[in-house]
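Biologist: Got a minute to walk me through this one? I'd like to start with a helix contact and then wander.

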Amino acid sequence: MMLAQEIIRAKREGRALDEAQIRHFVRGLVDGSWSEGQVAALGMAVFLRGMGRDEAVALTRAMMDSGRVMRWPDMPGPVLDKHSSGGVGDKLSLMIAPMVAACGGYVPMIAGRGLGHTGGTVDKLEAIAGYTTTPAPADFDRIVRTLGCAIIGQTSDLAPADKRFYAVRDITATIESVPLITASILSKKLAAGLQGLAMDIKCGNGAFAATPEFGQELARSIVEVAGGAGLRTRALITDMNQVLGREVGNALEVRGAIDYLKGDGPREARTHELTLALCAEMLVLGGLAPDTAAARVKLQAALDSGAAAERFAKMVAALGGPTDLMERPDAYLAVAPVVRAVPAPRAGRIVGMKTRDIGLVIVELGGGRRLPGDALDMRVGLDRFAQSGDVVSAGDPIAFVHAADEASAERAIAQVLAAVTIEDAPNWTPAPLVMAELG
């Protein structure tokens, strides 16, 4: 007979857990036979003592098996996905799913909600009037098969063990454990029945991984554990020391994604580069292109021809959204009543951003959550955000605040100004966007 306390003791003493012990724990997460205190104790023991690669693979597989595991028999192309560890202004999933679909991939993207200072893809999509992020499983299956992509929210029957374990880790200061983050991300991705995964590990002052060392450790763990569990994965470690793109906030980011897909105006350089880089890895993983250079040519063609925009439009309509969102976004995306410029306090070059603080501005405006059940104001946020390296004159707008009222707009302006550094920097050089690649 196996006892929870003996499994906790073994890990507390630094011993490796075997597969039977790990499966006992995961079963206990789902059926409630492990108490809250026991779950918290094992979480802390792992946090302090770590886990070997085999243990992390066993935990990932057991959590994957804790609920429904999707299968995609008779798919005419590879089943692929992308996951980001969370950033500020990161709307890339909205573009990546239809772009890869337009190139022959199938993308069953099960996305998350916002967490802390980072926005969630599901929240962004819910800014579209009528879009349902919780379709029936049969509808999800049909839409992915017919259109090549569907982006929906986490369902309760996929990796339910992760949901309970994460909730306990969240309130016991055990989130920042590399093996536990790895198992949390990959158990859900493996349950989605993928054949290839591109990981975007954000690194910097707006990311969960604040240092390059932590980013490397997390990326290596995800690539190796995914491989051990039978999922081919490539990880890019990417810069999150500034807002990604020009928009932050739910409806504003959807608007930005629509403009990007349609090619309305020039595409913001860093957003475009990272979107192409991640999509290219997915196409190569799925055998849809021989190398990333060939993949980029295919992807650019899918944008230029309008094929990617058309996939997005059809996905939105299939999931209950409007059929003419691309032509009339203003009719379906709520607009904030107050829009105010953030004036540059001095002339110079933008050389730094406290990116996490900018993410928290959105939370303060009502566009992010303090508590899990909070309702979101989809209208609020920032747009036309200047990028690091931009040269400005005193009084030039470095962003525009979209707010529910004048008072919150004033507060947001002050917070943005406090988070952006402008200096005389004639010899400024940009940081690399992709810092490393693994897998």
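Modeller: Sure. In α2, Phe-25, Val-26, Gly-28, Leu-29 and Val-30 meet Pro-160, Ala-161, Arg-164 and Phe-165 of α8. Contact here is heavy atoms within 4.5 Å, and helices (H or I, at least four residues) and strands (E, at least two) are DSSP runs numbered from the N terminus.

Biologist: How do the residues of that contact divide into nonpolar, polar and charged?

Modeller: Seven are nonpolar, one is polar and one is charged. Ala, Val, Leu, Ile, Met, Phe, Trp, Tyr, Cys and Pro count as nonpolar, Asp, Glu, Lys and Arg as charged, and the others, Gly among them, as polar.

Biologist: And at what angle do the axes of α2 and α8 cross?

Modeller: Roughly 85°, with the axes of α2 (residues 19-31) and α8 (residues 160-170) coming within 8 Å. Axes are lines fitted to C-alpha atoms, for helices over the stretch in contact, and angles run from 0 to 180 degrees between N-to-C directions. The two helices are therefore roughly perpendicular, a label for 65 to 115 degrees.

Biologist: Any caveats before I go on?

Modeller: It's a predicted model, with local features needing pLDDT of at least 70 and side-chain atom pairs counting only at pLDDT 80 or more, while totals for chains, interfaces and linings use all residues. Residues are numbered from 1 along each chain as its sequence is written, and side-chain values use heavy atoms, leaving out hydrogens and water.

Biologist: OK, new topic. Which residues are buried in α16?

Modeller: In α16 (residues 355-365), the buried ones are Thr-355, Ile-358, Gly-359, Val-361, Ile-362, Val-363 and Leu-365. Buried means under 20% relative accessible area, with a 1.4 Å probe and protein chains only.

Biologist: What do those buried residues of α16 pack against?

Modeller: β7 (348-353), β8 (381-383), β10 (397-403), α17 (406-419) and β11 (420-423). Just after α16, Gly-366 has a positive phi of about 105°.

Biologist: You mentioned β11. Why does Ile-422 count as buried?

Modeller: Because its relative accessibility is 10%. Ile-422 is found in β11, and beyond its neighbours within four places in sequence, its contacts include Ala-344, Pro-345 and Val-392.

Biologist: Which strand pairs with β1, and in which sense?

Modeller: β4 (residues 196-203), in the parallel sense over five bridges; pairing takes at least two DSSP bridges. Asp-81 has Leu-197 in β4 as its bridge partner. In β1 (residues 80-84), four of the five residues are buried.

Key
Parallel < 35°, antiparallel > 145°, perpendicular 65-115°, else oblique. Buried < 20%, exposed > 50% of the residue type's maximum accessible area, 1.4 Å probe, protein only.
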